[in-house]
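Here are some exercises to work through with the structure open beside you. Try each task before you read its solution.

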Amino acid sequence: MLQIDLWKRVLIWAAVAAGLVLALPNLFYERVETHNDAVAAIEARGGATEELSAEAGLWPDWMPSGLVNLGLDLRGGAHLLAEVQVSDVYESRMESLWPEVRDSLREEREAVGTIRLQPSAPGELRVRISQPEGMSTARAAVEALARPVSSVSGTGAQDLEVRAEGDELVVTLSEAERRATDDRTVRQALEIIRRRIDEVGTREPTIQRQGADRILIQVPGVGSAGELKELIGTTAQLTFQPVVSRNADPDEPPGIGNETLPAMEDEDVFYTLETSPVVTGEELTDAQPSFDENGRPAVTFRFNPTGARAFGDYTAANIGNPFAIVLDNEVISAPVIQSHIPGGSGIITGDFTVEESTDLAVLLRAGALPAGLDFLEERTIGPELGADSIEAGRIATLVAFVAVLVFMGLSYGLFGLFANVALVLNIALIFGLLSLIGATLTLPGIAGIVLTVGMAVDANVLVFERIREELKTARGPARAIQLGYEKALSAIVDANITTFITAVILYVMGSGPVRGFAITLGLGILTSVFTAIFVTRLLVVMWFERRRPRTLEV
């Protein structure tokens, strides 16, 4: 006998109602352009830059209001092609190497004499020694600092090359290390750009590596390429550098190995700092907005074990001396070290607002770009391009939808009508789930929905054909319906599991538009199975309980 428990019926209709409620906001909301305020809107709404239209005003505030985000091909947005300036890393690497070179040569002072840092070309380090006859000793001491290049197969590949030019020792990166550094820098920049965009909630950006040193960036919903550059171009490079002098003359040369930087809070104050930092933002593991002891907005930070050790050692050895906290070539603060600061944690204070401290924490937490970016292509894609795609997708969906409805009605009569009702609910459930998870709908995603429309009735076709077979064995209508669903279940599950696995693989391995297709396909499979096994069956059972037919036509 056909029987579905009351609690099961309640759960089925509750799931359908929840899907409809989640999908309905897409009919009452209108998408508005954000242009200059795009980034602010993204932050304020956690990734959705849609707002309630002033004319609409029909959807109550206490109801779910999640919307389906539109991708770059449907909604417009910003497109950038950036080239990573990998040569910047060479220069930074040489600057950070100087303290180690200095310390190693000091241990050989008797053989090499006094040492002096000399003006150097980008990507090299030049050191003059007063006793050229000790050059071989100096060279051996610096070569001892070299480390194997881990990314190069084989043995003997070192990261440093050391040569002598008269009384000067020249240190550069080896060719193997340059190749490894280039690859590492681009991969790091790629990840940091991805994290920085994700931090402000932008949905489904396309961030891909192109060639050896280029990165393609496409973000839907951002009003212009300039806003996207502003979002990812902020380097947020945090360093802790020793202070040589305060109230320095900005026009006076700071000396070799030093630099002059302005104070953030006072444009008339300049500091002369040692170029080599004690700790950098690369060793920062966390940053959070907070308040200082006076209740003013601030940012707390924490270093990794390497940074914590260096920070602790420096503060222990320089009690009573000032040091500078530098952010993007501006001195935030230059406090005097009062005591040893172990643990690698601290706080950045300044003339911040709550919003500024929050933004600063986000940028620091997202990391510092390892090198500068040169933007080769900048395009703002207008929403009018998406309008054509949306219209074409809408027509394709409607044609497929109507064709399936007509086919099912002509082929299975009343049972086809039940399948059509389930198909309509299926589409609503797909949009409800897309709104719930905040997924992005792209043009390939629309193709996935069209494909789902065609596949959604497969399960019902299997069931209805099985019911026809059971009716031929002279079984009663109730028994035929029951056996039809029971015997078709395994085939339905097996067919949809294989397709769902394919959708999962596409999502994991793909990116951008491929993921958009995989999301709608995967969700469509789940909703199709649910509507075929539960919703359609419940409709058939409810009809059968009311009519109690003696014969059945399918």
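**Exercise 1: The lining of a cavity**

By class, the lining of the second largest cavity in this predicted model has three nonpolar, four polar and no charged residues.

Task: find which residues line the second largest cavity, and which helices supply at least two of them.

Solution. Start with the whole structure, where a search finds four cavities of 30 Å³ or more. Next, pick the second largest cavity, which holds about 40 Å³ of space. Its lining consists of Thr-452, Met-455, Ala-456, Asn-496, Gly-524, Ile-525 and Ser-528. Finally, place these on the secondary structure: α13 (443-456) and α16 (513-547) each supply at least two lining residues.

**Exercise 2: An open sheet**

Task: work out the strand order of the open four-stranded sheet, and say which strands stand at its edges.

Solution. Reading across the sheet, the order is β7-β8-β2-β18, and the pairing is antiparallel. The edge strands are β7 (206-210) and β18 (373-381); each has a single partner strand, so one side of each is left without a neighbour in the sheet. From one strand to the next, the twist averages 15°. Now zoom in on β2 (residues 77-84), which runs antiparallel to β18 and is joined to it by eight bridges. To check the register, take Ala-78: its bridge partner in β18 is Thr-380.

**Exercise 3: Confidence**

Task: decide where pLDDT stays under 50.

Solution. Begin with the overall picture: the mean pLDDT of the protein is 79, and 86% of its residues reach 70 or more. Then look at residues 31-57, over which pLDDT stays under 50. The model has 56 contacts beyond four places in sequence for this stretch. Where pLDDT is low, the predicted coordinates should not be read in detail.

Note on methods:
Residues are numbered from 1 along each chain as its sequence is written. This is a predicted model: local features need pLDDT of at least 70, side-chain atom pairs count only at pLDDT 80 or more; totals for chains, interfaces and linings use all residues. Side-chain values use heavy atoms; hydrogens and water are left out. pLDDT is the predictor's confidence in each residue, from 0 to 100. Contact means heavy atoms within 4.5 Å. On a 1 Å grid over the protein atoms alone, a cavity is a set of points where a 1.4 Å probe fits but cannot get out, and a pocket is an open set with protein on both sides within 12 Å along at least five of seven lines; lining residues have an atom within 4 Å of a point. Grid points are joined across faces, edges and corners, and a volume is the space filled by probe spheres set on the points. Ala, Val, Leu, Ile, Met, Phe, Trp, Tyr, Cys and Pro count as nonpolar, Asp, Glu, Lys and Arg as charged, and the others, Gly among them, as polar. Two strands pair if DSSP finds at least two bridges between them. Axes are lines fitted to C-alpha atoms, for helices over the stretch in contact, and angles run from 0 to 180 degrees between N-to-C directions.
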